[in-house]
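Subject: Structure for your review

Dear colleague,

I am passing on the structure we spoke about, and below it you will find my notes on the core, the backbone and the aromatic rings. Please read them with the structure open beside you.

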Amino acid sequence: MTRPLPRFGTLRAALRCGAIAALALLGLSALPAARATDASAAIPTDPAVIDAQVSSLLAQMTLEEKIGQLVQVSSLSNATGPIERTNLEEQVASGQCGSMLNIIGAADTRKWQEIALSHSRLKIPLLFGYDVIHGYRTIFPMNLGQAASWDIPAIEQSERIAATEASAAGIQWAFAPMVDIARDPRWGRIAEGSGEDTFLGCAIAAARVRGFQGGGLDRTDTVMACVKHFAAYGAVQAGRDYNTTDVPEITLRQVYLPPFKAAIDAGAQTVMVAFNDLNGVPCSANSFLLDQVLRREWGFKGFVVSDWKSISQLIPHTIAADGRQACLLAYNAGVDMDMEGRIYQTYLAGLIRSGKVSSAHLDRAVSAILRAKVERGLFVDPYRFSDPAREKAAMLRPSSLEAARVLAEESCVLLKNDAGALPLARTAHVALVGPLADSARDLLGSWAGQGRASDAVTLRTALTKTLGADHVAYAEGCSFKPGDRSGFDAAVAAARKSDVVVAVLGEPWYFSGEGNCRTHLDLPGEQPALLRALRATGKPVVVVLMNGRPLVLGDTLANCDALLEAWYPGTQGGPALAKLLTGAVSPSGKLPVTFPRDVGQIPIFYNHMTTGRPQPDDQPRIQYKSNYLDVPNTPQFPFGYGLSYTSFAFSNARLSSPTLPMNGALTVTATLANTGSRDGAEVAQLYIRQLWGSVTRPVRELKGFRRVMLRKGESTALSFTLRPSDLAFVHSDMTNAPEPGRFEVFLGGDSKAPKIGEFTLLPR
Ligand code: BGC
């Protein structure tokens, strides 16, 4: 049904294709001749001009056309959820669809845009959205791994690269950043976020938005950010995806909401609701979240998209009897766009015509969506993101691969290194074993966009290149299948003839991500037995772990000399690991999430409250204190933890004053020295503890961090500023303010950092 069209790289070409009608509607028909070849110059950035264009278009739209803008449908072939097979072409051609997701590539986005523009009455361009979670084609480490780098500029840069690739493939809108704070490693989507801490999560959320949106939404190398999943999705009960969340408002505001606010403050103009019900009201019908918090308190002016069919899921959530009621609830709560749900398209016109819902909401929602399209320049050139030549040139650039490798290096966390087992000697003969040592697909992790296994370099390939083929004896050992010990003999034989074993173990990529939750956090299949067999050879054993969540590592730690947590390190995972293992680079990652000793400790996180009967960490179990009979309260590895091949020392730590006035600032200074024999990076972490408050206070809270690269023997001055606003917390009446009182300050390389001083926040 599409008519053949020439290539449209220029404004003139776009005008031939029917966009001219849309331009005319917007009063843009007479563009200055000088700008004819520079489409971006014609894209309005003045809010008043944008609003005028949007109002002019809105005035010409029928009710059905307006509702069409609220409808988003997925491509049938790349669906990311359960899908209905409908006639998409007919729907798009009739103007009954404002946005599509999962349409991939310059050619396909162009094809669908042509359908929208050639046939629909008002020729409003489509907006193409896609999950750009940790890269588009160049895949960066899984998000939880990126968070372990604590390298905010590098994370921002990864999104800049992802945006450059995705936007060249026709994608104008990324369903990211995912900013859900997660304290439960059973939840498969913990891999997609930045871990357990709100302060770190806010810094990363803002960096991702800056990276996606780069120098402005009028540019062709940016994608519009969509912060998700609003809200508290990471708190699903029992770590089971889509499950209920019960989060007191004080915790919601203190822990779960701030990263959303940070993303919006950084410029995110779209928000995706979460699947879960929050305190009895599913997020897709939650006017407290969408109206009160988002729009009234935060002044959000963008638009809200549902999650995949989450409006129709109000029926199984038991708050809507049928689709019509689901429509009414979601619309009234403030969900603007219906992702793949077909609810708005089926019921909204009837509800508005019968006066059951107000049409004022509709104009607000449609305007916000049209505004995004105007800002993206789609009315000037609807094909500006669909240029196959640019698409080809944008992917996997050497500088992008380099950035992916560096971020992979920085994201790996050294959790154990006894007797200098790492780094490997350059002359070592290595037995490289395990189901993940040569698996390119697993390197990419879940939600890997258009990443291809064929682009990814495994550790086997990279280590062989580094050490030489005669120094690497590879044996898979086992797959992930229970009972598969078929490769044990070959693996043990390889270990016997080598100096050291490197076992690359963990979870296959599909063990994390949406819907992939676990109750056991162990190494699946026969991997524990393989590790024991390798250990029994008496050779030093180094474990490299790939996984999307904290695992319970007691047995693994007991059977290895060194352990490097690599998460899913991405396209350049192998070369990054080879550099780390051979000491070309020192590990510098720090855990963004606590590793439990046992599943029974979950949820376990560093910034917990003390309780009225605190069990001291350094003492044996005391009866009638808050503890377990069988496992200590302490984690296997605390938040912020990570070793290096070199060593660091903090000294001369001081506070500028013992008091902090309400209108003042306090400086914490110290010296950080690399006291070891190799270059390396340390992440200096500043924590505070308020000793008393009107509501219970956490044992520690992260308030600052610096990632510092130091050559061996080098030292640097650290300085952190603390203002009363940094000490603010949510009170019982939901106000957020600092409270006078006494504070302890801790500075060091992890969340167990020693106390370096105290101060008093003075009353006003
Ligand atoms: C996920 C979202 C994602 C959407 C579109 C949903 O199932 O929860 O995170 O953006 O699908 O793929």
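Helices and strands are named here from DSSP runs, at least four residues (H or I) for a helix and at least two (E) for a strand, with numbering from the N terminus. Please bear in mind throughout that this is a predicted model.

I begin with the backbone between S5 and H9. The loop that joins strand S5 (226-230) to helix H9 (249-256) contains Ala 231, and the peptide bond leading into Ala 231 from Phe 230 is cis, with omega near 5 degrees. Ala 238 is also placed in the loop between S5 and H9, and, although not a glycine, Ala 238 has a positive phi of about 60 degrees. Ala 238 counts as partly exposed, because its relative accessibility is 49%, and the class of partly exposed residues lies between the buried limit of under 20% and the exposed limit of over 50%.

Two further backbone features deserve a look. Ile 602 and Pro 603 are joined by a cis peptide bond with omega about 0 degrees, and Pro 603 belongs to the loop that runs between helix H22 (573-581) and strand S17 (648-655). Trp 447, a residue other than glycine, has a positive phi near 45 degrees and sits in the loop between helix H17 (440-444) and helix H18 (459-467); with a relative accessible area of 18%, Trp 447 is buried. As background, most residues other than glycine have a negative phi, and most peptide bonds are trans.

Turning to the interior, the largest nonpolar core comprises 142 residues, and those with the most contacts inside it are Phe 230, Tyr 344 and Leu 348. The element that gives the most to this core is helix H14 (residues 360-375), which supplies 8 residues. A second core, separate from that one, has 39 residues, among them Ile 139, Ala 191, Ala 428 and Ala 578. If residues up to four places away in sequence are not counted, Leu 348 touches Ile 67, Leu 70, Cys 327, Tyr 331, Ile 343, Val 357 and Leu 362.

The aromatic pairs come to a count of 20. In one of them, the ring centres of Trp 187 and Tyr 233 are 4.9 Å apart and the planes stand at 80 degrees, so the pair is edge-to-face. This pair links distant parts of the chain, 46 residues apart, with Trp 187 in the loop between strand S4 (173-174) and helix H8 (198-213) and Tyr 233 in the loop between S5 and H9; both Trp 187 and Tyr 233 are buried. Phe 230 and Phe 260 likewise form an edge-to-face pair, because their planes are at 65 degrees, with ring centres 5.0 Å apart. Phe 230 in strand S5 and Phe 260 in helix H10 (residues 258-265) are 30 residues apart, and they too link distant parts of the chain. Phe 230 is buried at a relative accessible area of 0%, and Phe 260 counts as buried at 1%.

Elsewhere, one aromatic cluster is formed by Trp 150, Phe 199, Tyr 606, Phe 639, Tyr 687 and Phe 705. Lys 228 lies over the face of Trp 447, 5.6 Å from the ring centre, while Arg 441 lies over the face of Trp 509 at 3.6 Å from the ring centre.

With best wishes

How values were computed
Residues are numbered from 1 along each chain as its sequence is written. This is a predicted model: local features need pLDDT of at least 70, side-chain atom pairs count only at pLDDT 80 or more; totals for chains, interfaces and linings use all residues. Side-chain values use heavy atoms; hydrogens and water are left out. A nonpolar core is a set of buried Ala, Val, Leu, Ile, Met, Phe, Trp, Tyr and Cys residues joined through side-chain atoms within 4.5 Å. Buried means under 20% relative accessible area, exposed over 50%, partly exposed in between (1.4 Å probe, protein chains only). Contact means heavy atoms within 4.5 Å. Rings of Phe, Tyr and Trp (its six-membered ring) pair if their centres lie within 6.5 Å; planes under 30 degrees apart count as stacked, over 60 as edge-to-face and the rest as tilted. A charge sits over a ring if NZ of Lys or CZ of Arg is within 6 Å of the ring centre and within 35 degrees of the ring normal.
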